[in-house]
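Okay, everyone, thanks for coming. Let me put the structure up and we'll walk through a few pieces.

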Amino acid sequence: MSFSNFHTIVRKKRRKEQIVKSLFVIFFIFIFTISILNISDSANQLNISEENDGIDEIIFNYDRNSLEVATDTSMLHNPYTKNLDMVRIFFENNYISSLDPDISTYFRYGDINGLITDDTIYSEDNLLIYNTLLKSELDQTEIFDTYLKLKSTPLWYEDTSEQFQYGFVKSVDNTTALVENSDRYLIDNLLPIFLLIDNIGENIDDLSIEGQKPYELIEEMFDLISSSEFWDSTNKGFAHHNSTSDKYSESNFFSILANLLIHRTYSQLGLDESDKILSYFLANQTMISMDSNMWDTIDKAYYCFADEDWSTLTSGQKNYHLDVNALAIITLLEFWIETGKESNSPYLLRAIELYNSISIDGHLWDDFNKLYYNIGRPAWILFDSSHDLRANALMLEACLKLFESTGNFTYYDRAVEIFESIENGFYDGVNNSYDFSLTNSTKNLNSNLYLQKSYLKASEIFSSTFLKSEYNVTEIIPNYIFAQDVMNLTSTYSFLKENQYYNPGNDSYVPFTVSYDIIDADIKYLFKYPNSTFLYQFENQTKAPEASHTLIHPIEESVPIGNGYYIYIWANKTYFNMAETLARFNIISGLINEKIEGLPDILFQGQIINVTILLNYTRIDDLTLTASLEGVDIIEYPSQELNFTASIELNVSFDLTAKFGVGLGPSEITFNFKRGNVTYLSIIKLIEIGYSFNYKHLIYQSKVVSDQDILVSLDLINFLPNATQSLNISFSGLLENTIETFIQEETINQDETKSVSYYLKTLEDLKNDTIRIEMNILQNATVYYTEELIIDIIPEFEIISIFFPDQIPQGASASLIIIIQNNKNVFESFSLSINGKDVQANIDQLSPGKNWITKNFIPTNNPYEFGTKTYRIVLKNSENGEIARFYFEVVLELSTFNLMIFYLLPSVIPIGIILYFLSKEIKHKKLRR
């Protein structure tokens, strides 16, 4: 699909979306008007909820577009963009050329109705349109793709045989598709820098189309303009185009802005440090040259153009063009920000001086038409008295820049004057586009593009409003005492914008915020109850001429106590966007519940509980109130009168008793403190209503031996103060053959706590390791309480550990150690046998709990017995029942003693005797010799 077709589909789709949005806005206005007419009904149907959960989230995350602003919705409309869509449609319908099927390109000149009068296509228009009229129609990827497609049209020239022989040419003839003006103008080749940086932004590193990245193309254009094709390193300035050495002020001011933009965003763009240094150098040197050569110190204005060496010898060179000087103001202010933003900076002072000079009535300012003339000569002789759309659009942008930089509303008022004059004198409501000048109704695309560029800047300022509302107290959400306090809320409506300035000292950008209070604005207040129903509204609280408005409003007794009251506050002024905010406050009586003592989680039927409430009385007047305790399920005692003294705490006691026979479960009770019909404090609590009797301190054995009793004990409580109650306590196994079923009737006297104990019999030969027993407390045949007891059935005896050595020297003693747990509650006799022979251990009975059984014996005394011996160890209870049986093998080792006595010594003695006699024989033979 071609880009042209794709672009047409996108436009149609977005037009449909805009129609849907318009219908939605109309529907919203209709519904909103109806809602305003029914406000009084909402007030009459007030129903304040005690539950305010989620209120904070609603307050601080509200939809700014849903704010009620009465029936006047004009304050929601942006005046600067109201015709943008219609102008775009006009040029898309009439000015699209057929130069390239892959990209929409546009003509510049048309007659009053948009009929094309010149089929020349200019690079400037086709680069600028995608940064103005079509800016909102394309996303970042589409902008980058559009730029690449523009480079593939005849508008782009490139000679790969020589360095820096590339760039956008001035114009192309649509009929022949041949270049009409092959000169590469500086402005045309600066516009790609603005287009790519302004629209691609933070995603510049992630964007790539067919291997090309935005930063590479920005660097490509920067290399071109900083080359000798444009930069005059001798005279420190930029040539108007590649075929001339003349220096034009307009293109040099544009070059300063482009270089400053590169310097500011080089890190984001991923450019080399050398590019950053060079861009700042070029901007600085150009500004020095402009101030030294093109500034008229007498008339306080910049000349139009100069020769190569900055000389201005002809009269036309020294003319004061409005577009040049408007652009100079913008450039001076931008350079002021990029050089440290000092308050006494010569760039700021010169921008103001220049504005004052050209804005004198009779210089370039036409006070009758509220527009600027086009060209003046030295001594401010009017040369061209036309009111050019493009030049006035640039001057409108200059006024906006002055306002944004200084906060002086005089500049913004002048911008509004120009805007209104353009809308009233230039806009053709029939064709939905702007005329070339006040006296020329032809439709020039270039002029309309520069107008929309300034309107986008105006729209940005229009939208940069902020409303701050603060109470005169330290609390963010104050508590106001009714019939005593007075609300004091100060609201300030401001222009607020964040930016950065360059600090040359440490080579860094420093964030700063500009904030200017907007005077003479209308501010309105809409009060709402916590449930968002209407309370009342204050309108047209005009801040004239102060910078803020303070609402003084007494808090009346008729306003109900509650948390989460809202004040919707909105402010607006013509040519500034409506700003809104929310303030929250609470209404209190001055009677504060500090704490409640004695309030139970469960209130049993017939139970009498004394509840004490500590009240902090913060009012400045003495007061008598009536206190009462109310609830459907409780006995209501007579109300009591309380006398409160200013700033004194007071303890108030109530008797709380649940009615006998009421339904069980949660019940609401209310502590009320009133004066007549006015509620000063209402404390609502939920309590659980329980039966007229209860139990506590349930204790039972969690582990028992089979066929033993399970001891269970508990306390039974009767809450009735003057009646005896009979209860049945039953225990049964949840599985068969676990325990004997048990039931016992108990009588509990009035207001008595009775301790009872029961022994539950387990059955023999239980096969379950764990049994479950259900305990029920009944009255008559009704079960009121059920509890499940979990009992572990454990064996009579448990072998914890056993020790017997696995090897032992001959004749040494072996130690048998058995650690056994007796789980029975009585002493138990036992017997121990080794290899079928009963032996005596260190103890003859197993006491309840842990026992140590030890037995020492010598496996063998035979010095010639080796190898492995096996031992069978049997442990039996008093009834000769086998508790445990163990088998051990022990390895008999030769001891050192036996080795010496029974092995070595019998061999050594005969050898010694033999040696003795041999020695004696040898000696005898020697004597004989």
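So, how many residues of H11 are buried? Of its 16 residues, 16 are buried, so H11 is mostly covered; buried here means under 20% relative accessible area, with exposed over 50% and partly exposed in between, using a 1.4 Å probe on protein chains only.

Quick ground rules: this is a predicted model, where local features need pLDDT of at least 70, side-chain atom pairs count only at pLDDT 80 or more, and totals for chains, interfaces and linings use all residues. Residues are numbered from 1 along each chain as its sequence is written, and side-chain values use heavy atoms, with hydrogens and water left out.

Back to H11, residues 322-337. Helices are DSSP runs of H or I, at least four residues, and strands are runs of E, at least two, numbered from the N terminus. The expected span is 1.5 Å times one less than the number of residues, so H11 should cover 22 Å, and its end C-alpha atoms sit 23 Å apart, which agrees.

Next, the sheet. It's open, with 5 strands in the order S39-S45-S44-S41-S42 and mixed pairing; two strands pair if DSSP finds at least two bridges between them. S39 (703-705) and S42 (742-748) are at the edges with a single partner strand each, so one side of each has no neighbour in the sheet. S39 runs parallel to S45 (residues 782-794) over 3 bridges, and Lys703 stands opposite Asp792 in S45.

Last, cysteines. Cys304 counts as buried at 9% relative accessibility, and Cys399 is buried at 0%. Disulfides, meaning cysteine sulfur pairs within 2.5 Å? The whole-structure search finds 0.

Technical notes: Disulfide = S-S within 2.5 Å.
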